[in-house]
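Work through the exercises below with the model open beside you. Try each task before you read its solution.

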Amino acid sequence: MERGGRRLLLLLLLAAAAAAQYEEYSFRGFPRSELVPLQSAYAAALEQYEGERWKESARGLEASLRLHRLLRDSEAHCHRECAGGGAQPAAAQEEEEDGEEWGRELQLFGHVLQRAACLRSCKRGLPVFQLRYPPAETLRAFQRRAPYQYLHYALFKANKVEKAVSAAHTFLQKNPKHEMTLKYLNYYRTMLDVDEYLVDLEAQPYETAFVRSVKLYNSGDFRSSIADMEHALAEYYKAYENCLAGCEGAYELREFKDFYPAIADHFVDVLQCKVDCEADLTPNVGGYFVEKFVATMYHYLQFAYYKLNDVKNAVQSVSSYMLFDPADEVMQQNLVYYRFYRERWHLEDDDFSPRLEALQYHNQTAVQKKLLDFAKQYLQADDEMELAEGTEPDGRHLPADSEFEGQGDYEEGFFAEWWQEPKSKGDKADQERIR
């Protein structure tokens with residue numbers, strides 16, 4: 001009875017949340033009345049779902065999504081506050097020039113202690129970190145957008161079909177081949193014109209800017225396309241840093257080990273999360289993930305800059321692209337072409353260098369992958385080689401297939417008419433004209 005009373009109190013708190021999960025969201029002004037542990041809020045919403053209390057479940061799921069965003073934004077805030085600044089501890093400074101192994105080790109752990117002290121101070125001032133931290137399994141569920149699979153059906157049963165469409169579409173952006181949700185969305189199509197409600201509720205700024213830039217590129221407005229693509233790049237790198245920050249949250253101690261193996265186990269878990277950021281941030285356009293997304297942005301930029309006769313920026317974009325796909329023969333030919341006519345365009349050697357942010361991102365992701373490969377090969381036991389994979393939502397009380405018989409297959413064509421890559425990856429089509 002006591003447990004049921006706590007559940008009821010928690011659900012009453014969640015019921016006061018705003019109707020749409022992010023319409024009233026504010027990182028700095030998050031209502032204290034909604035501050036409950038994420039795991040508790042999510043479990044309560046799923047309990048309501050099992051009881052077929054659809055309106056209460058939908059409100060609880062939306063409140064859980066806001067709590068997850070608050071946790072993610074708070075992690076990113078402290079990551080930015082503590083990134084690379086501050087004075088080095090005096091004990092480590094004394095040994096900075098020492099070539100001995102113990103001196104280098106103290107220097108390394110000096111940085112770790114400094115970062116830990118900064119993060120502890122930052123998190124002490126943020127309310128979300130005063131709550132019980134959610135388990136890794138729950139965080140993975142939110143990363144897979146699993147709550148949206150429950151949310152869209154709860155909204156449908158609550159007679160909020162328009163919002164159900166947006167929730168289903170949001171889930172499909174991460175899980176584009178999930179047959180049951182595709183079938184649900186196709187069923188919603190028989191009830192209303194869904195196109196205006198196909199909104200990704202978790203879309204990040206770089207995704208919107210990228211889509212807009214490609215549309216402008218295809219229309220021949222290269223100047224505006226460049227502005228949006230540069231904005232998309234900057235926003236992507238911000239999102240990547242935020243993703244890395246989210247990987248440095250609390251972790252569960254699974255077993256007791258010696259000092260170095262324990263540190264290595266924790267570091268490998270964090271490293272796996274950071275390596276996954278690249279894939280997690282890859283946008284879904286028209287039901288397909290954009291392969292080599294960062295390279296693709298530089299691909300568009302080099303051609304658009306060339307069209308505007310801004311050859312220096314075009315060359316730097318080519319060189320940046322080549323970091324990620326050095327075997328691309330067309331881009332190799334473009335570089336040869338630019339070098340051949342370098343005097344005409346007054347190009348210096350430095351102009352053929354990749355852009356700094358591209359070089360940093362490439363080097364960082366490459367080193368992370370090498371370290372993770374090393375860890376998998378030499379540090380993990382045989383029964384640990386397979387990394388834990390998240391399970392799909394269990395589909396409790398979701399509609400049966402028979403409810404959708406005869407509705408046909410859903411076809412994802414949201415961006416099909418405009419999505420296309422440049423017909424050439426550089427200036428090959430224009431070379432004869434320039435000569």
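The exercises cover the fold, a pocket, backbone angles and salt bridges.

This is a predicted model, where local features need pLDDT of at least 70, side-chain atom pairs count only at pLDDT 80 or more, and totals for chains, interfaces and linings use all residues. Residues are numbered from 1 along each chain as its sequence is written, and side-chain values use heavy atoms, with hydrogens and water left out.

**Exercise 1. The whole chain**

Task: State how many helices and strands the chain has, and what percentage of its residues is buried.

Solution:
- Step 1. Take helices (H or I, at least four residues) and strands (E, at least two) as DSSP runs, numbered from the N terminus. The chain has 17 helices and 2 strands.
- Step 2. Buried means under 20% relative accessible area, exposed means over 50%, and partly exposed lies in between (1.4 Å probe, protein chains only). Of 435 residues, 46% are buried.
- Step 3. Now look at contacts (heavy atoms within 4.5 Å). Among those with a separation of 6 or more, 78% are between residues 24 or more positions apart.

**Exercise 2. The second largest pocket**

Task: Find which helix gives the largest share of the lining of the second largest pocket.

Solution:
- Step 1. Fix the term. On a 1 Å grid over the protein atoms alone, a pocket is an open set of points where a 1.4 Å probe fits, with protein on both sides within 12 Å along at least five of seven lines; lining residues have an atom within 4 Å of a point.
- Step 2. Give its volume, the space filled by probe spheres set on the points, which are joined across faces, edges and corners. For the second largest pocket this is about 1,800 Å³.
- Step 3. List the lining. It has 39 residues, and V112, R115, A116, E248 and F267 lie nearest the centre.
- Step 4. Sort by helix. Helices α3, α5, α11, α12 and α16 each supply at least two lining residues. The largest share, 13 residues, comes from α5.

**Exercise 3. Positive phi**

Task: Say where E52 lies, and whether H346 is buried or exposed.

Solution:
- Step 1. E52 is not a glycine, yet its phi is positive, about 60 degrees. E52 sits in the loop between α2 (38-50) and α3. Its relative accessible area is 45%, so E52 is partly exposed.
- Step 2. H346 also has a positive phi, near 55 degrees. H346 is in the loop between α15 (329-340) and α16. Its relative accessible area is 61%, so H346 is exposed.

**Exercise 4. Salt bridges**

Task: Explain why the salt bridge between E62 and K163 ties together separate parts of the chain.

Solution:
- Step 1. A salt bridge is a side-chain nitrogen of Lys or Arg within 4 Å of a carboxyl oxygen of Asp or Glu. The whole structure has 15.
- Step 2. In the E62 and K163 pair, the closest N and O atoms are 3.1 Å apart. E62 lies in α3 and K163 in α8 (161-174), so the pair ties together parts 101 residues apart in sequence.
- Step 3. Compare burial. E62 is buried at 2%, whereas K163 is partly exposed at 27%.
- Step 4. Try R145 and D200, with closest N and O atoms 2.9 Å apart. Each lies in a loop, and the pair ties together parts 55 residues apart in sequence. Both R145 and D200 are buried.
- Step 5. Finish with E278 and K369, at 3.1 Å. E278 is in α12 and K369 in α16, 91 residues apart.
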